[in-house]
Amino acid sequence: QVQLVESGGGVVQAGGSLRLSCVVSGRTITRSAMGWFRQAPGKEREFVAAISWSGGSTTYANDVLGRFTISRDNAKNTVYLQMNNLKPDDTAVYYCAGRFRFSSGSYYNTLDDYDYWGQGTQVTVSS
């Protein structure tokens, strides 16, 4: 079966950086748009970033634009989220998501756009 496993979360001070990884097994991501979402306590899961199957197109939520970078390595079946200049408001569980139906571009920013999800990795930013 398809599995997405996130790693790289942790505790960091405001202004610091983290790099999240999402390794996919059970299916190649070569033709799949991939995304990152996050969920803070008491809040709904929200879109963070998405990347097209080729990596040529990316989309970001407004509040992470310029600070976060999504990338992928199809040979490793892995997607990354580089997070710089982290803020306390970035504290959340971060989830990787895979879209394994037809994908064109990277404008997939809703939960329903994705077919498989990872279990999440906690990111805590202290002030």
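**Aromatic pairs**

In this predicted model, a search of the whole structure turns up five aromatic pairs. Select Phe 37 and Tyr 114 to see one of them. Their ring centres are 5.4 Å apart and the planes meet at 80 degrees, an edge-to-face arrangement. The two residues come from distant parts of the chain: Phe 37 belongs to strand β4, while Tyr 114 sits in the loop between β9 and β10 (116–117), and 77 residues separate them. Phe 37 and Tyr 114 are both buried.

Keep Tyr 114 selected and add Trp 117. The ring centres of Tyr 114 and Trp 117 lie 6.1 Å apart with the planes at 65 degrees, so this pair is edge-to-face as well. Is each of the two partners buried or exposed? Tyr 114 has a relative accessible area of 5%, which is under the 20% limit, so Tyr 114 is buried. Trp 117 has 27%, between the limits of 20% and 50%, and therefore counts as partly exposed.

Now add Phe 47 to the selection. Phe 37, Phe 47, Tyr 114 and Trp 117 make up one aromatic cluster.

**Asn 109, beside the cluster residues**

Which residues does Asn 109 touch, apart from those up to four places away in sequence? They are Phe 37 and Phe 47, two members of the aromatic cluster. Asn 109 is in the loop between β9 and β10, and its relative accessibility of 31% makes it partly exposed. Select Tyr 60 as well: the C-alpha atoms of Asn 109 and Tyr 60 are 8.6 Å apart, although the residues are 49 places apart along the chain.

**The nonpolar core**

Next, go to the largest nonpolar core, which has 36 residues. Select Trp 36, Leu 81, Met 83 and Tyr 94, the residues with the most contacts inside this core. The strands that give two or more residues to the core are β3 (18–25), β4 (33–39), β5 (46–51), β7 (68–73), β8 (78–83), β9 (92–99) and β11 (121–126). Which of these gives the most? It is β5, with five residues. In soluble globular proteins, nonpolar side chains tend to be buried together.

Zoom in on Met 83. Beyond its neighbours within four places in sequence, Met 83 is in contact with Gly 16, Ser 17, Leu 18, Leu 20, Arg 67, Phe 68, Tyr 94 and Val 123. One of these, Tyr 94, is also on the list of residues with the most contacts in the core.

**A buried serine**

Select Ser 32, in the loop between β3 and β4. Its relative accessible area is 3%, under the 20% limit, so Ser 32 is buried. Leaving out residues up to four places away in sequence, Ser 32 touches Ser 52, Trp 53, Arg 72, Arg 99, Phe 100 and Ser 103.

**The largest pocket**

Show the surface and find the largest pocket, with a volume of about 180 Å³. To mark its lining, select Arg 38, Gln 39, Ala 40, Pro 41, Lys 43, Glu 44, Glu 46, Pro 88, Asp 89, Thr 91 and Ala 92. The lining consists of four nonpolar, two polar and five charged residues.

Lys 43, one of the lining residues, lies in the loop between β4 and β5. With a relative accessible area of 58%, over the 50% limit, Lys 43 is exposed. Add Ser 21 for a distance: the two C-alpha atoms are separated by 23 Å, and the residues are 22 places apart along the chain.

**The start of the chain**

Move to Gln 1, in the segment before β1 (3–7). At 77% relative accessibility, Gln 1 is exposed. Not counting residues up to four places away in sequence, Gln 1 touches Ser 25 and Gly 26. The C-alpha atoms of Gln 1 and Gly 26 are 5.3 Å apart, with their positions 25 residues apart in sequence.

**Two asparagines with positive phi**

Finish with Asn 77 and Asn 85. Asn 77 is not a glycine, yet its phi is positive, about 55 degrees. Asn 77 is in the loop between β7 and β8 and is buried, with a relative accessible area of 12%. Asn 85 also has a positive phi, near 50 degrees. Asn 85 belongs to the loop between β8 and β9 and is partly exposed, at 42% relative accessibility.

Definitions and conventions. Residues numbered from 1 in each chain as written. Predicted model: local features only at pLDDT ≥ 70, side-chain atom pairs only at ≥ 80, totals over all residues. Heavy atoms only, no water. 1 Å grid on protein atoms, 1.4 Å probe; cavity = no way out; pocket = protein on both sides within 12 Å on 5 of 7 lines; lining within 4 Å. Points joined across faces, edges and corners; volume = space filled by probe spheres on them. Nonpolar A, V, L, I, M, F, W, Y, C, P; charged D, E, K, R; others polar. Core = buried A, V, L, I, M, F, W, Y, C linked by side-chain atoms within 4.5 Å. Buried < 20%, exposed > 50% of the residue type's maximum accessible area, 1.4 Å probe, protein only. Helix = DSSP H or I, 4+ residues; strand = E, 2+ residues; numbered from the N terminus. Contact = heavy atoms within 4.5 Å. Phe/Tyr/Trp six-rings, centres within 6.5 Å; stacked < 30°, edge-to-face > 60°.
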